[in-house]
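Open the model in your viewer and switch to a cartoon representation. The stops below can be selected one after another.

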Amino acid sequence: MTRLNKIYKDNVVPALQKEFQYKGPMQVPGLEKISLNIGLGEASSNNKILEDAVVALTAIAGQKAVVTRAKKSIAAFKLREGMPIGCRVTLRGKVMWDFLDKLVNFALPRVRDFRGIPDRGFDGRGNFTLGIKEHTIFPEMEADRVDNAFGMNITIVTTASSDKEGKFLLDQLGMPFKK
């Protein structure tokens, strides 16, 4: 059991039960999965950028990243169906808890002029999406060796039924929201 998972079971579950008056422990929302996505528009013309992104995302997530391909052709973007346009990885279980712990405690505090995460990334069902401008904030990435810095989207999918429950859950897990 990871450190953050232990905190969730020992501290967060009782706090959620008290706050939202859940009748049983199975009603308490938890984390389902974390999805990481890197969109690279220039990957269709430069294959090395895509390879670098896959290697970086695999190192950050601790799990092999998958190349995503275009579903439709769009002439304005010079994009054809089946061309590579990014990469993604979905984390569950122990790897998910390890990644969230690393994100909250190591990566986000390394962001320049960090004042907290705005809480407007919720989708209405308790899931939270966060955009990161540079992947070099993660401890696995050495800024000296990175040729192309790229951003990524991180989506944290919870079993919460509302944004209020999802925000309380993530807040209790240590997500540094703006006050």
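Which strands does helix α2 lie across? Select residues 47–61 to find out; keep in mind that this is a predicted model. Helix α2 lies across β1, β2, β3 and β5, the last of these being residues 152–158. Compare its direction with that of β3: the helix runs at about 10° to that strand.

Next, show the sheet on its own. It is an open sheet of five strands, and reading across it gives the order β2-β3-β1-β5-β4. The pairing is antiparallel. Select 66–69 and then 128–132 for the edge strands, β2 and β4, each of which pairs on one side only. From one strand to the next, the twist averages 25°.

Now go to one pair within the sheet. Select 31–39 for β1 and 84–91 for β3; six bridges join these two strands in the antiparallel sense. For a single example, pick L36, whose bridge partner in β3 is V89.

Add residues 93–107, which are helix α3. This helix packs on the sheet and touches β1, β3, β4 and β5. Its direction makes about 65° with that of β1.

Last, select residues 3–20, helix α1. Where α1 packs with α3, the angle is about 95° and the axes are 7 Å apart, so α1 is roughly perpendicular to α3. To see the contact, show side chains for R3, L4, N5 and Y8 of α1, then for W97, L100, D101 and N105 of α3. Sorted by class, this contact has four nonpolar, two polar and two charged residues.

Notes: Residues are numbered from 1 along each chain as its sequence is written. This is a predicted model: local features need pLDDT of at least 70, side-chain atom pairs count only at pLDDT 80 or more; totals for chains, interfaces and linings use all residues. Side-chain values use heavy atoms; hydrogens and water are left out. Two strands pair if DSSP finds at least two bridges between them. Helices (H or I, at least four residues) and strands (E, at least two) are DSSP runs, numbered from the N terminus. Axes are lines fitted to C-alpha atoms, for helices over the stretch in contact, and angles run from 0 to 180 degrees between N-to-C directions. Contact means heavy atoms within 4.5 Å. Angles under 35 degrees count as roughly parallel, over 145 as roughly antiparallel, 65 to 115 as roughly perpendicular and the rest as oblique. Ala, Val, Leu, Ile, Met, Phe, Trp, Tyr, Cys and Pro count as nonpolar, Asp, Glu, Lys and Arg as charged, and the others, Gly among them, as polar.
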